[in-house]
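Let's take a friendly walk through the charged pairs and the surface of this protein. Have the model open beside you as you read.

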Amino acid sequence: MTGPSNQAIKRMISLHGWSGTLVSIFLYAVVFTGTVSVLQDEINRWSDPRRDIVHPFENPIEDTYQQLAAQVPGAFRGQVLIESAGDGSLRMFFYEKRKLKGQGTVDYGRDYLLDPETHRLLAARQGVSPHRRVEAPYHDLAHFIVDLHARLLIPGRAGLYATGLLGIVLLVAAITGILIHRHILRDLFVTERLGGRVVSLRDRHGLASVWGLPFAILVAFTGTFLSFAVSLGLPVVAISAFGGDTERAFAAVTAPAKIENATPAELANLDHIVAQAYLIAGTHPQFLRVEDAGRRDARVLTVHRNGGNGAVGPHTLEFNGVTGDFLRDRPLVGHSPSLGASTVAVMSPLHIGDFAGLASRAVWVALGAVLSMSIVSGMQLWLKRRGADPVWQACRKILAVVVWGLPVMLVGAGWGFFAAVIGGDTHSGTVAGFLVAGFVVMCLSLVSYSAQALSAHLRRILAWGLVGLPVLRLQTGGVSWGEASWNNVWQVMLIDLLCLTVAMVFLLRERAEKRSAAMALDVGE
């Protein structure tokens, strides 16, 4: 069996090069921010100044549920959502399905936000359930990074379409890269030849790419699926089969039919159900949903994130709402367990890398860094071979702005966030810090004569910005290392050390480059 012809190889190399070059800027932005957003949970806890956070489902909720259920109108008692809100409070939402003019069928009812430990009422409101859960202002930094990764800050579905298309481009680049590497096993262990020549760049790109190919295919496929499944797939199904009603379409593929029985019956003890769910899933529920409370056919669902008891995908556990007996682990898609349902369930964990706790996230961060390096080295290789062309010379400077400017802007977002923690709007502060840092990057790009000088300036700013983040966090009321050790808030020390380590690497690299330049000057004299 013969391989592809030389002409076919050349065409694939051209396709590979242009598919990576035309969108490399945005592709790098998505991959790099995705690498950072893998640590979303750790960043959330790192940026949260509260010393001790109690999970709402660690304390009994049955008495509080009964007290609030007695206060709401009867129409709202049938459907209840109980969850750990994003700001750490306990949320109980009693509602009914109601058709509102211009909004279709919505969840309309009464919201209660409670202290997770004492269940003291913090806030109450009546109306349509917000699509976005109540969030703590301390989580705005991580949410900004995730939104930048998922949508490139493009509002609505257009952002998901953009990142989905970039996922397809990454998939094309990875597959053509496999076909190009005729000696892929040998390239796994190639040693970079030093000297800064094209051959050195080719070695660097080949080494990073070959090691990152499986990961690139995985994140490209799962990312494309996650971008298009809800933003495009579900609306198409809704329009074609349900008259445009996305809620009915979603219910049809997720909620199995049940035998109706409207006979009045008391709801089972919720504390008993939560305790059972913890034993089965190995984690506290992310939220609990009561369906048709007060009827014989009532059901209680507990939804858990992945990672409990060795599971990769999320759990949706279904309980009998009257007896409290466990019925089954409800599949994410479909009405019964299937290969398709299992595949859909693992898409998000495999993309985010949170299926095995911190260990898997650390591996995903490392592989994401390798993939980012592959994109950058591939672009550098493409530009190096076209160094005589003035257009591509300008592109080298643009590449430096993107490669080093984006991390500087993310650090700027962190500075803006912490500057606004005390008495400010952390969301606006985060955005302002990102934009101010971007303005600084653009000004430097205008006054720097070369891409190499610009890169050196931006690396220096990035290093000192990272050094300042832990200091600024502590000065704005953040958890100290002593308090973190006492309360087992290891995320604080992890992110602080990560910032300081990366900064140290850049500063030592700059020092080594200056020393090498000085030695070369001495030799020349």
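Is Arg295 buried or partly exposed? With a relative accessible area of 23%, Arg295 is partly exposed. Please keep in mind that this is a predicted model.

**Salt bridges**

Arg295 forms a salt bridge with Asp297, and Asp297 is buried at 2% relative accessibility. In total, the structure holds 15 salt bridges. Three of them are listed here, among them the pair just described.

| Salt bridge | Closest N and O atoms |
|---|---|
| Glu42 with Arg361 | 2.3 Å |
| Glu96 with Arg98 | 2.5 Å |
| Asp297 with Arg295 | 2.7 Å |

Take a look at Glu42 and Arg361. Glu42 sits in helix H3 (residues 40-46) and Arg361 in helix H12 (residues 357-384), so this salt bridge ties together parts that are 319 residues apart in sequence. Glu42 is buried, at 1% relative accessible area, and Arg361 is buried as well, at 9%. In the pair of Glu96 and Arg98, Arg98 is partly exposed, with a relative accessible area of 29%.

Some charged residues join in a network: salt bridges link Glu83, Arg91, Asp111 and Arg125.

**A nonpolar patch**

Now turn to the surface. There, Tyr278, Leu279, Ile280 and Phe326 form a nonpolar patch, and together they have about 380 Å² of accessible area. Helix H10 (residues 270-281) provides the largest share of this patch, three residues. Ile280 lies in helix H10. Its relative accessibility is 32%, so Ile280 counts as partly exposed.

Definitions and conventions. Residues are numbered from 1 along each chain as its sequence is written. This is a predicted model: local features need pLDDT of at least 70, side-chain atom pairs count only at pLDDT 80 or more; totals for chains, interfaces and linings use all residues. Side-chain values use heavy atoms; hydrogens and water are left out. Patches are made of residues with over 30% relative accessible area and no salt bridge: like charges are joined within 9 Å, nonpolar side chains (Val, Leu, Ile, Met, Phe, Trp, Tyr) within 5 Å. Accessible areas come from the Shrake-Rupley method with a 1.4 Å probe; for residues, only the protein chains shown count as cover. A salt bridge is a side-chain nitrogen of Lys or Arg within 4 Å of a carboxyl oxygen of Asp or Glu. Helices (H or I, at least four residues) and strands (E, at least two) are DSSP runs, numbered from the N terminus. Buried means under 20% relative accessible area, exposed over 50%, partly exposed in between (1.4 Å probe, protein chains only).
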